[in-house]
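Here's a quick tour of a protein model for someone who would rather look at residues than read tables of coordinates. Have the structure open and turn it as you go.

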Amino acid sequence: YLTLIDPTTGSILRRLEVPGAVHHVGVTPDNRYAIATHLQTGNVSIIDLKTHELAATVPTGPNPNYATPAPDGKTVYVSNSGNGTVSELDAVEGYVRRNIRVGEGPEHLVLSRDGERLYVNNTGSGSVSVVALPEGKVVETFETGRNPHGIDLGREQRTLFVALTGEDRVLAIDLASGEKRILALGPMPYHLAHIPGEGQLYVSSRGEPKVWVLDEESLTLESEFATRGIAHQTALAPERQP
């Protein structure tokens with residue numbers, strides 16, 4: 001089931017039956033569609049947030065993991081961890097336009113602000129693939145270490161941050177030079193999100209119910225706060241540009 005909740009009141013707007021357990025959910029920038037991935041069934045659900053109805057169920061590939069919408073409000077990228085591909089989905093028409101081969105076991109994705117580059121963590125091969133979207137191919141690969149999980153771009157889009165769940169580290173990669181900085185952090189850094197306007201990263205722990213707050217420029221630990229359980233997905237409003 002997928003539950004739609006009014007964030008201002010906390011009331012449930014609709015509880016929809018969908019074809020499989022829900023893993024991750026992405027929302028298009030215009031707030032029109034939500035895309036839910038179903039690991040076990042090899043497809044994604046497209047929810048029309050205007051009508052609160054299931055608009056379509058689209059097969060993408062084995063073990064679809066993560067969904068990242070593009071700025072156009074129509075295109076969504078879905079990682080298929082079972083076959084090493086990323087599907088480019090048309091959320092309005094409800095079909096897969098193309099599949100892009102990346103690394104082994106792709107999971108989390110982050111899209112550059114201009115929509116030109118897609119960064120894909122490959123948990124099976126311990127790397128991040130950089131996909132040039134106009135060409136639809138991998139143009140660069142960064143080796144990361146064991147079990148990369150959460151990834152995000154920093155405030156200036158010049159640095160890629162990666163949580164290495166298997167190594168108790170957070171990695172910062174300078175995208176121009178490829179230079180890497182490492183922060184030891186444990187247990188099991190898991191999901192990672194850049195906080196717009198704050199110059200901070202939130203990193204959840206897979207081993208304990210808490211979230212670390214990092215300064216992204218210095219890559220140092222500022223503080224932490226407790227959660228009621230293991231924090232899985234972090235959702236943030238899009239960063240507004242001047």
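What follows goes from the whole fold to the core, then to some single residues and a few backbone oddities.

**The overall picture**

First things first: this is a predicted model. If you're hunting for helices, you can stop, since the protein has zero of them and 22 strands. The radius of gyration is 17 Å, close to the 18 Å that the globule rule gives for 242 residues, so the protein is as compact as a globular protein of that length. Put a box around the C-alpha atoms along the principal axes and you get roughly 45 × 45 × 40 Å.

How much of the protein is buried? Buried residues make up 47% of the 242 residues. The accessible surface comes to about 11400 Å², and carbon and sulfur atoms account for 46% of that. As for charge, there are 21 positive and 30 negative side chains, and the centres of the two sets lie 3 Å apart. Take the contacts between residues at least 6 apart in sequence: 34% of them join residues at least 24 apart.

**The largest nonpolar core**

Now zoom in. The largest nonpolar core has 13 residues, and those with the most contacts inside it are Val-110, Tyr-119, Leu-153, Leu-160, Val-162, Ile-173 and Leu-175. Which strands give two or more residues to this core? They are E13 (127-132), E15 (148-153), E16 (159-164) and E17 (169-174). Strand E16 gives the most, with three residues.

Leu-160 is a good place to start clicking. Beyond its neighbours within four places in sequence, Leu-160 is in contact with Val-110, Tyr-119, Val-128, Asp-152, Leu-153, Leu-171, Ala-172, Ile-173 and Leu-175. So which of the core's best-connected residues does Leu-160 touch? Val-110, Tyr-119, Leu-153, Ile-173 and Leu-175 turn up in both lists.

**Some residues to click on**

Ser-129 sits in strand E13, one of the strands that give two or more residues to the core. Is Ser-129 buried or exposed? Its relative accessibility is 3%, and the cut-off for buried is under 20%, so Ser-129 counts as buried. Setting aside residues up to four places away in sequence, Ser-129 touches Val-102, Gly-103, Leu-118, Tyr-119, Val-120, Asn-122, Val-138, Glu-140 and Thr-141.

Val-44 and Ala-36 make a nice pair. Val-44 is in strand E5 (residues 43-48) and counts as buried at 0% relative accessibility. Ala-36 is in strand E4 and is buried too, with a relative accessible area of 0%. The two touch each other. Past its close sequence neighbours (those within four places), Val-44 is also in contact with residues including Ala-56, Val-58, Pro-64, Val-78 and Leu-89. Under the same kind of count, which skips residues up to four places away, the partners of Ala-36 include Leu-2, Val-22, His-24 and Val-25.

Ile-182 lies in strand E18. Leaving out neighbours within four places, its contacts are Arg-169, Val-170, Leu-171 and Leu-219.

Here is how far apart some pairs are, along the chain and in space:

| Pair | Apart in sequence | C-alpha to C-alpha |
|---|---|---|
| Ser-129 and Arg-101 | 28 residues | 9.7 Å |
| Val-44 and His-24 | 20 residues | 9.8 Å |
| Ala-36 and Val-18 | 18 residues | 8.9 Å |
| Ile-182 and Val-170 | twelve residues | 5.8 Å |

**Backbone oddities**

Most residues other than glycine have a negative phi, and most peptide bonds are trans. A few spots here go the other way.

Where is the cis peptide bond? It joins Gly-186 and Pro-187, with omega at about 15°. Pro-187 is in the loop between strands E18 (180-184) and E19 (189-195).

Asn-31 isn't a glycine, yet has a positive phi of about 60°. You'll find Asn-31 in the loop between strands E3 (25-27) and E4 (33-38). With a relative accessible area of 55%, Asn-31 is exposed.

Gln-157, also not a glycine, has a positive phi of about 60°. Its loop runs between E15 and E16, two of the strands that give two or more residues to the core. Gln-157 is partly exposed, at 22% relative accessible area.

Definitions and conventions: Residues are numbered from 1 along each chain as its sequence is written. This is a predicted model: local features need pLDDT of at least 70, side-chain atom pairs count only at pLDDT 80 or more; totals for chains, interfaces and linings use all residues. Side-chain values use heavy atoms; hydrogens and water are left out. A nonpolar core is a set of buried Ala, Val, Leu, Ile, Met, Phe, Trp, Tyr and Cys residues joined through side-chain atoms within 4.5 Å. Buried means under 20% relative accessible area, exposed over 50%, partly exposed in between (1.4 Å probe, protein chains only). Helices (H or I, at least four residues) and strands (E, at least two) are DSSP runs, numbered from the N terminus. Contact means heavy atoms within 4.5 Å. The radius of gyration is taken over C-alpha atoms; the globule rule is 2.2 Å times the number of residues to the power 0.38. Accessible areas come from the Shrake-Rupley method with a 1.4 Å probe; for residues, only the protein chains shown count as cover. Lys and Arg count as positive and Asp and Glu as negative; His and the chain ends are not counted. The place of a charge is taken as NZ of Lys, CZ of Arg, CG of Asp or CD of Glu.
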